[in-house]
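Trainee: I would like to learn how to read a structure such as this one, step by step. Could we begin by looking at it together?

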Amino acid sequence: MQITKKILGASALVAASFTFVGAAQADVCDTPSKLGDLGSFEGEVITVAGSMEGQDEKMLLNTVSCFEKATGATVKYSGSRDFAALIVADLRSNNAPNISIFPQPGLAGDMAKEGHLVPLGDDLASWMTENYGAGSSWVDLGTYADADGKKDFYGFAYKMDLKSLVWYSPEQFEDNGYDIPTTMEGLIALSDQMVADGNTPWCIGVESGNATGWTATDWMEDLMLRTTSPENYDKWVSNELAFNSPEVINAMEVYGQFSRNDDYVAGGASSVATTFFGDAPKGLFSSPVSCLMHRQASFIPAFFPKKGEEVANGEADFFYFPPYETANLGNPVLGAGTLWTMTKDSPATRAFFEFMTEASAHEAWMGQGTFLTAHKGASLDAYATPALRKQGEILSTATTFRFDASDLMPGAIGAGAFWSEMTAFANGQDAQTTGDNIQAAWDAIK
Amino acid sequence: MMITRTLSHSVLALIVFIWVVPFVALVSTSLRSETEAKTAGFWTAFTPTELGHRFSTHDKGDDTEILTMAGNILARLNNEASGFPVTGDVQSILIKTRIPDPENPEKTKLVRKLVPAGEVMGVRGGDFVFQTNGDFTWTFEQPATPKPKNLDVFINQNPVFGTDAYIEVLFDNKNVPNALISSFIVTIPATIIPITIAAFAAYAFAWMQFPGRDWLFVIVVSLMVVPTQLAFLPILQGFSGIASWATSMNQWLTDCELTDTCQVASKSFASLWITHTAFGLPLAIYLLRNYIVGLPKELLQSARVDGASHLQIFTKIIIPLSVPALASFSIFQFLWVWNDLIVALYIGPNNADDLVFPIRLQKQLGTFKDQLHLLNASAVISMIVPVLVFLSMQRYFIRGLLAGSVKGG
């Protein structure tokens with residue numbers, strides 16, 4: 001809730017700056033806020049492992065170069081799509097990098113329990129509470145129990161994503177005479193209208209290597225927030241509300257109305273499980289277009305054919321994935337963030353975490369695109385595009401903010417059964433069986 | 001006789017066809033433009049094919065008032081310089097408009113129409129006509145400043161091939177060249193080391209008498225079934241132990257401080273050599289032992305009588321006679337190590353500069369999954385090396401495949 005207010009307040013001040021992804025990388029370190037003194041670590045090496053590749057990896061390297069310039073240390077980043085599998089082997093065999101960037105708090109929690117993470121300390125936790133919008137909930141996201149059940153702050157949230165967005169091509173909407181829906185009822189009516197017109201409304205793809213299924217879990221979470229109360233959502237995350245309870249099955253059925261409808265999905269419902277999530281949005285821009293809408297988080301423009309330039313030049317835009325008018329659940333918003341954990345202690349690594357508390361470190365990445373932050377001190381002038389500012393506005397008008405549920409669930413569920421069973425659901429398994437199977441997997445690890 | 005030969009020839013032709021198709025697909029896609037590679041299958045690359053493109057009538061920000069605008073669709077499409085100019089006959093433009101629905105008076109209906117060359121269509125209040133050669137005119141009744149319009153156009157496109165993808169992959173950055181070098185650094189020692197050890201061991205198993213020889217051989221052979229994946233964690237733990245021991249030795253000997261220069265990495269090329277050697281050895285020993293045991297006994301006995309030692313027999317007689325078996329195993333091991341992804345991923349160095357080719361390809365899958373032509377270009381480059389190795393050593397390979405199967409061969 002605080003996160004939303006902060007971005008509302010600041011987004012009003014934002015001056016329009018028209019740079020897009022990848023532009024002006026030469027001076028990413030030249031940010032509105034100045035970097036404080038971090039000390040000198042000449043010759044020291046910090047190893048970082050994460051799952052970011054491609055465009056994200058480039059932006060990450062640009063951002064850490066500011067740290068390298070300031071301290072003289074070298075940051076070696078190795079990114080792999082198989083991060084989740086590799087990091088477990090590395091940590092268990094004493095080959096830990098200094099910093100591991102977990103896209104899944106569930107997995108980070110598992111590793112903390114095995115004793116592979118180094119606590120970041122109460123100072124950093126209280127800093128985050130004070131300086132991040134909705135700070136205490138971000139601290140909670142990075143707080144895990146160790147083997148003895150003692151809770152500590154391990155995961156520093158840096159680089160956040162806003163989900164709940166529907167991407168579309170304004171020109172296509174104009175040509176077809178469609179308007180942006182503001183309610184879920186309107187969105188479904190629009191989808192039906194598109195089908196009646198001979199168009200295909202949605203592009204959906206859940207394939208993602210050994211993380212296949214996560215896109216479907218995002219749909220589920222967004223629909224949970226739209227079909228049942230936020231309290232039920234929290235209970236669902238902690239499994240007080242079973243996975244095969246009517247509320248969850250209902251949300252899954254609603255997701256099925258979109259994704260398992262041959263008329264709704266480009267390539268037919270059977271293509272959902274085999275379409276790479278990064279290829280799915282390309283249907284918006286193909287010639288002729290294969291679909292007109294795509295629900296995905298704020299990072300997705302990096303996968304557009306022109307790598308996000310579409311958003312800057314008006315070829316692509318997004319609207320808020322709307323709630324049901326009749327459900328009276330307000331405007332819920334779903335988000336996520338990557339968690340930077342210390343897996344091998346060193347003074348230079350500590351300095352790197354110090355660096356991440358600097359507003360300048362956030363602004364350096366904000367200026368490159370696909371980066372949202374809850375840092376209150378970061379100047380919103382730094383955002384690369386008006387689109388990112390608009391995402392801030394969606395956050396700001398939200399009445400409910402929730403973290404990605406699959407990220408909060410234990411790794412075996414949130415990065416395991418939930419993914420694989422949603423993929424099975426995409427392949428035709430019915431909702432009740434899917435819910436039962438995930439619940440069985442959860443019971444097995446209790 | 002005739003029939004069986006025809007049959008075997010056609011089966012052979014079919015097998016060759018099945019194997020060649022993916023290769024042709026890979027090579028032809030790597031030589032195509034990005035849009036073509038994405039929109040149409042490789043089999044359409046060789047003949048004129050109708051493909052959809054989106055072009056904009058003019059650039060944004062041009063505010064001059066006009067009555068008529070003239071231009072060329074192909075020129076608009078080829079605006080951005082690339083090695084793959086679009087040429088061919090412009091077939092049709094897809095136009096969508098809403099008209100009152102005759103069946104349902106209150107509602108409108110979407111009409112989708114493919115407009116052929118020469119026919120007038122309404123675009124932003126003006127009349128738009130195009131010709132097969134791509135020329136278009138856009139006329140307005142009154143002077144207007146139309147916004148640029150993006151239109152879907154279908155062009156019967158001539159085949160065009162170019163090496164842009166190879167140039168981009170090889171020269172845009174050092175990723176692929178580095179990966180080639182790293183792969184050689186890993187593969188050559190990881191082939192030579194096991195073959196050397198295995199040759200000695202195979203001789204011992206074949207011609208030397210020592211207690212427990214047969215049992216030891218059975219154990220070695222049964223090690224062939226141990227899957228690599230099962231051993232990753234203990235192997236990694238071992239290397240990490242060795243590395244920390246080596247680091248402290250280094251500190252003690254060179255008096256360096258605990259910085260990167262002092263640190264001995266546990267995931268390195270050396271760890272890959274050791275791992276590939278360990279997992280390659282059982283098969284190598286088995287293969288070579290079966291070959292060496294089949295060499296004529298009399299040859300070795302007369303050498304013994306002449307007073308040759310085991311080492312002399314090994315280097316002077318066994319090695320020269322075993323060239324086919326040695327060569328065939330080297331090909332096996334070379335191909336296996338060259339194509340290996342998973343061992344390198346877990347145990348190999350993970351600096352961006354030291355990644356072996358399969359990891360680089362996998363990373364390009366992450367980076368370029370949308371840029372098939374680039375991925376395919378790298379894949380072709382990575383294929384060239386094993387193909388050359390195979391072609392240059394294939395005469396040994398065929399003989400070596402029979403290794404141990406024919407006595408006295």
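**Reading the contact, the domains and a sheet**

Mentor: Let us begin where the chains meet: the contact takes 30 residues from chain B and 28 residues from chain A, two residues being in contact if their C-beta atoms, placed from the backbone, lie within 7 Å. This is a predicted model, in which local features need pLDDT of at least 70 and side-chain atom pairs count only at pLDDT 80 or more, while totals for chains, interfaces and linings use all residues. Residues are numbered from 1 along each chain as its sequence is written, and chains are lettered from A and ligands numbered from 1 in the order in which they are written.

Trainee: Which elements of chain B each supply at least two residues of the side that touches chain A?

Mentor: Elements here are DSSP runs numbered from the N terminus, helices being H or I of at least four residues and strands E of at least two. On the side of chain B that touches chain A, at least two residues each come from the strands β1 (49-56), β3 (88-100), β4 (108-116) and β8 (150-157), and from the helices α7 (232-254), α12 (342-347) and α13 (357-368). The largest share of that side, 5 residues, comes from α7(B).

Trainee: How do the residues of the side of chain B that touches chain A divide into nonpolar, polar and charged?

Mentor: For such a tally, Ala, Val, Leu, Ile, Met, Phe, Trp, Tyr, Cys and Pro count as nonpolar, Asp, Glu, Lys and Arg as charged, and the others, Gly among them, as polar. The side of chain B that touches chain A then has 8 nonpolar, 12 polar and 10 charged residues.

Trainee: What does the domain assignment of chain B give?

Mentor: Domain bounds come from an automatic or database domain assignment, and for chain B that assignment gives domain 1 (2-39), domain 2 (48-158) and domain 3 (167-401). The C-alpha centres of domain 1 and domain 3 of chain B lie 31 Å apart, and 8 residues of domain 1 of chain B are in contact with 7 residues of domain 3 of chain B. On the domain 1 side, α1 (2-30) and α2 (34-39) of chain B are the elements that give two or more residues, and α1(B) gives the most, with 4 residues.

Trainee: How far apart are the C-alpha centres of domain 1 and domain 2 of chain A?

Mentor: The assignment for chain A gives domain 1 (2-162 + 334-385) and domain 2 (165-296 + 410-441), and their C-alpha centres lie 29 Å apart. The contact between these two domains of chain A takes 10 residues from each of them.

Trainee: In what order do the strands of the open sheet in chain B stand?

Mentor: Two strands pair if DSSP finds at least two bridges between them, and the open sheet of 4 strands in chain B has the order β1-β8-β3-β4, with antiparallel pairing. Because β1 and β4 of chain B each have a single partner strand, they stand at the edges, and one side of each is left without a neighbour in the sheet. Within the sheet, β1(B) and β8(B) pair in the antiparallel sense over 8 bridges, and B:Thr49 stands opposite B:Gln157 in β8(B).

Trainee: Is B:Gln229 buried or exposed?

Mentor: A residue is buried if 20 or more other C-beta atoms lie within 10 Å of its own, exposed if 12 or fewer, and partly exposed in between, with C-beta atoms placed from the backbone. B:Gln229, found in the loop between α6 (213-222) and α7 of chain B, is exposed because it has 10 other C-beta atoms within 10 Å.
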